[in-house]
Amino acid sequence: MYIRRRKTNHNKALPGALPSMTAGSHVLSEDTVCREIRDGQLHSKRLLSKTNRVPKWGERFFKAQSVCILEESVVDPKERTLVTYTRNIGFNKIMSVVEKVTYRSVPDQPGKTIATRSAWIDSSVFGFSTAIRAFGLDRFKKNCMKTVNGFNYVLQNMFPATHAAAAMVHNQQQHQTKAQKIKEAAKHASEQVKAQAEQLVQNLSVKG
């Protein structure tokens, strides 16, 4: 077991990198508490401190400018998965958040990874727990988007060729999807016109 402290400045680590609130700029420090291999899996535990902006109505309950987060992760090379658990270790009565993310490779699509993210949010503040949980859920959703944008940015800079190829495939798939929708719409319109024409012929035959 060991502890390693690292002050974090992601804008310096990635020159010209991320917009201020896209991803990473809210992390103040990272402490690696322990890292060890158990049963062929890499287990890590980190302590992070992050900025903690709260709305005006929340300042009556919470005025701290930062909060500590405990992150535990397990890398399983055999199953090709990475699972992370994060939770706040302070102010739990006001709002406790437990988040789990599972990164798993796609067997039939080499080079692709699926990230499944879930969270459990609770509050024990009498009379305000529902509002606080709703606020926590809304922030979780917004942070998910920021995390995805930051993650994609880093991957794009680390693997530009792969990202360009993936973008090309994505564009081709979108083009094929649009073409298929246009084809289906044209077919549907043709069938409608044909049906209307047949109905008109039947009406004329009856009148004749």
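Buried means under 20% relative accessible area, exposed means over 50%, and partly exposed covers the range in between. Keep these cut-offs at hand for the exercises below, which all work on a predicted model.

**Exercise 1. A threonine in a strand**

Task: Decide whether Thr116 is buried, partly exposed or exposed, and find which residues Thr116 touches.

Solution:
- Step 1. Place the residue: Thr116 sits in strand β7, which covers residues 113-122.
- Step 2. Apply the cut-offs: the relative accessible area of Thr116 is 48%, so this residue is partly exposed.
- Step 3. List the contacts: leaving out residues up to four places away in sequence, Thr116 touches Lys100, Val101 and Thr102.
- Step 4. Compare sequence with space: Val83 and Thr116 are 33 residues apart along the chain, and their C-alpha atoms are 9.5 Å apart.

**Exercise 2. Strands side by side**

Task: Work out how β3 pairs with β2 and how β3 pairs with β4.

Solution:
- Step 1. Start with β2 (residues 27-38) and β3 (residues 41-51): they pair in the antiparallel sense, over 10 bridges.
- Step 2. Pick out a facing pair: His43 in β3 stands opposite Glu36.
- Step 3. Look at the connection: two residues lie between β2 and β3, and the two strands form a hairpin.
- Step 4. Move on to β4 (residues 66-76): this strand runs antiparallel to β3, and 10 bridges join the two.
- Step 5. Again pick a pair: Lys50 has Val67 in β4 as its bridge partner.

As background, side chains in a regular strand alternate between the two faces of the sheet.

**Exercise 3. Positive phi outside glycine**

Task: Asp39 and Phe91 both have a positive phi without being glycine. Find where each one lies and how accessible each one is.

Solution:
- Step 1. Take Asp39, with phi near 55°. Its place is in the loop between β2 and β3, in the turn of the hairpin you met in Exercise 2.
- Step 2. Classify Asp39: its relative accessibility is 82%, so Asp39 counts as exposed.
- Step 3. Take Phe91, with phi of about 60°. Phe91 lies in the loop between β5 and β6.
- Step 4. Classify Phe91: its relative accessibility is 41%, so Phe91 counts as partly exposed.

**Exercise 4. Following the salt bridges**

Task: How many salt bridges does a search of the whole structure find? Describe the ones made by Arg38, Arg117 and Arg133.

Solution:
- Step 1. Recall the general idea: side chains of opposite charge can pair when their charged atoms come close. A cut-off is needed too: a side-chain nitrogen of Lys or Arg must be within 4 Å of a carboxyl oxygen of Asp or Glu.
- Step 2. Count: the search finds seven salt bridges.
- Step 3. Arg38 meets Glu36 at 2.6 Å, N to O. Arg38 is partly exposed at 39% relative accessibility, and Glu36 is partly exposed at 39% as well.
- Step 4. Arg117 meets Glu99 at 2.7 Å, N to O. This pair links distant parts of the chain, with Arg117 in strand β7 and Glu99 in strand β6, 18 residues apart. Arg117 is partly exposed at 26% relative accessibility, whereas Glu99, at 18%, counts as buried.
- Step 5. Arg133 forms a salt bridge with Asp122, with 3.4 Å between the closest N and O atoms. Arg133 belongs to helix α2 (residues 129-158) and Asp122 to strand β7, so the pair ties together parts that are 11 residues apart in sequence. Both partners are partly exposed: Arg133 at 30% and Asp122 at 38%.
- Step 6. Finish with a network: salt bridges that share partners join Glu30, Arg46 and Glu71.

**Exercise 5. Reading a pocket lining**

Task: Find the volume of the second largest pocket and say which strand gives the largest share of its lining.

Solution:
- Step 1. Volume: the second largest pocket has about 260 Å³.
- Step 2. Residues: the lining includes Val75, Arg80, Tyr103, Arg104, Pro107 and Lys112.
- Step 3. Strands: β5 (81-88) and β6 (96-105) each supply at least two lining residues, and the largest share, three residues, comes from β6.
- Step 4. Chemistry: the lining of this pocket has five nonpolar, four polar and three charged residues.

Terms used:
Residues numbered from 1 in each chain as written. Predicted model: local features only at pLDDT ≥ 70, side-chain atom pairs only at ≥ 80, totals over all residues. Heavy atoms only, no water. 1 Å grid on protein atoms, 1.4 Å probe; cavity = no way out; pocket = protein on both sides within 12 Å on 5 of 7 lines; lining within 4 Å. Points joined across faces, edges and corners; volume = space filled by probe spheres on them. Helix = DSSP H or I, 4+ residues; strand = E, 2+ residues; numbered from the N terminus. Nonpolar A, V, L, I, M, F, W, Y, C, P; charged D, E, K, R; others polar. Pairing = 2+ DSSP bridges. Buried < 20%, exposed > 50% of the residue type's maximum accessible area, 1.4 Å probe, protein only. Contact = heavy atoms within 4.5 Å.
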